[in-house]
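Here's a quick tour of a small puzzle in protein architecture. Take a look at the sequence and the model first, then read on.

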Amino acid sequence: ISNPYACLVHDYVMGKIHKEHIFEKAKKELNELDYTIFILKQQNVRVSQIAQNLSLSQAAIRYHIKKIKIWLNQIDKE
């Protein structure tokens with residue numbers, strides 16, 4: 001590659017497009033609670049804080065995160 005910087009920019013842009021696609025798909029396919037948890041985890045909010053904010057147990061939040069991870073793995077296979 002004659003310009004390695006161009007490759008880095010391309011990778012960054014493609015990553016950004018992929019991320020936006022996943023967020024749009026999540027909004028359409030996940031239920032409201034799972035989507036909220038998905039967004040909060042993307043913002044690096046701790047499980048304990050999410051549980052407190054949503055008035056749920058940490059075990060319940062971990063269960064929803066597990067469901068979200070399964071959903072994300074299915075997207076990777078598409």
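Which residue takes a positive phi just after helix 3? The residue is S55, and its phi is about 55 degrees. Keep in mind as you read that this is a predicted model. Let's start with the whole protein and then zoom in on the pieces.

**The big picture**

- The protein has four helices and zero strands, so if you walk along from the N terminus, the elements simply read α-α-α-α.
- The radius of gyration is 16 Å, while the globule rule gives 12 Å for 78 residues; the protein's value is well over that, so the protein is more spread out than a compact globule.
- You can get a feel for the overall dimensions from the C-alpha trace, which spans about 55 × 25 × 15 Å along its principal axes.
- Out of the 78 residues, 26% count as buried.
- The accessible surface adds up to about 6,000 Å², and carbon and sulfur atoms own 55% of that.
- Among contacts with a separation of 6 or more, 42% come from residues that sit 24 or more positions apart.

**Helix 4, a helix with two sides**

- Helix 4 covers residues 58-77, which makes 20 residues.
- From its first C-alpha to its last, helix 4 reaches 29 Å, close to the 28 Å expected at 1.5 Å a residue.
- Which residues of helix 4 are buried? They are I61, H64, I65, I68, W71 and I75.
- Look down the axis of helix 4 and you'll find those buried residues within an arc of 120 degrees, so they line one face of the helix.
- Now turn to the face that points away from the buried side: there you meet the exposed residues Y63, K66, K69, D76 and K77.

**Helix 3 and its cover**

- Helix 3 runs over residues 47-54, and its buried residues are V47, I50 and A51.
- Viewed down the axis of helix 3, these buried residues stay within an arc of 100 degrees, so they too line one face of their helix.
- What covers them? The cover for the buried residues of helix 3 includes helix 2 and helix 4.

**Two loop residues with a positive phi**

- Most residues other than glycine have a negative phi, which is the background for the next two cases.
- N44 has a phi near 60 degrees, a positive value even though the residue is not glycine.
- You'll find N44 in the loop between helix 2 (32-42) and helix 3 (47-54).
- Is N44 buried or exposed? N44 is exposed, because its relative accessible area is 67% and the cut-off for exposed is over 50%.
- S55, the residue from the opening question, sits in the loop between helix 3 and helix 4.
- S55 is exposed as well, at 66% relative accessibility.

**Two salt bridges**

- How many salt bridges does the structure hold? It holds two.
- One of them joins the side chains of E29 and K25, with N and O 3.0 Å apart.
- E29 and K25 both belong to helix 1 and sit four residues apart, which is about one turn of the helix.
- E29 is partly exposed, with a relative accessible area of 44%.
- K67 and D34 form a salt bridge too, and their closest N and O atoms are 3.2 Å apart.
- That pair ties together distant parts of the chain, with K67 in helix 4 and D34 in helix 2, 33 residues apart.
- K67 counts as partly exposed at 31% relative accessibility, whereas D34 counts as buried at 4%.

**A closer look at K25**

- K25 lies in helix 1, which covers residues 4-29.
- Why does K25 count as buried? Its relative accessible area is 17%, and buried means under 20%.
- Leave aside the neighbours within four places in sequence, and K25 is in contact with L30, W71, I75 and E78.
- Two of those partners, W71 and I75, also appear among the buried residues of helix 4.

Methods
Residues are numbered from 1 along each chain as its sequence is written. This is a predicted model: local features need pLDDT of at least 70, side-chain atom pairs count only at pLDDT 80 or more; totals for chains, interfaces and linings use all residues. Side-chain values use heavy atoms; hydrogens and water are left out. Helices (H or I, at least four residues) and strands (E, at least two) are DSSP runs, numbered from the N terminus. Buried means under 20% relative accessible area, exposed over 50%, partly exposed in between (1.4 Å probe, protein chains only). Contact means heavy atoms within 4.5 Å. The expected span of a helix is 1.5 Å times one less than its number of residues. The arc is that of the directions from the helix axis to the C-beta atoms. The radius of gyration is taken over C-alpha atoms; the globule rule is 2.2 Å times the number of residues to the power 0.38. Accessible areas come from the Shrake-Rupley method with a 1.4 Å probe; for residues, only the protein chains shown count as cover. A salt bridge is a side-chain nitrogen of Lys or Arg within 4 Å of a carboxyl oxygen of Asp or Glu.
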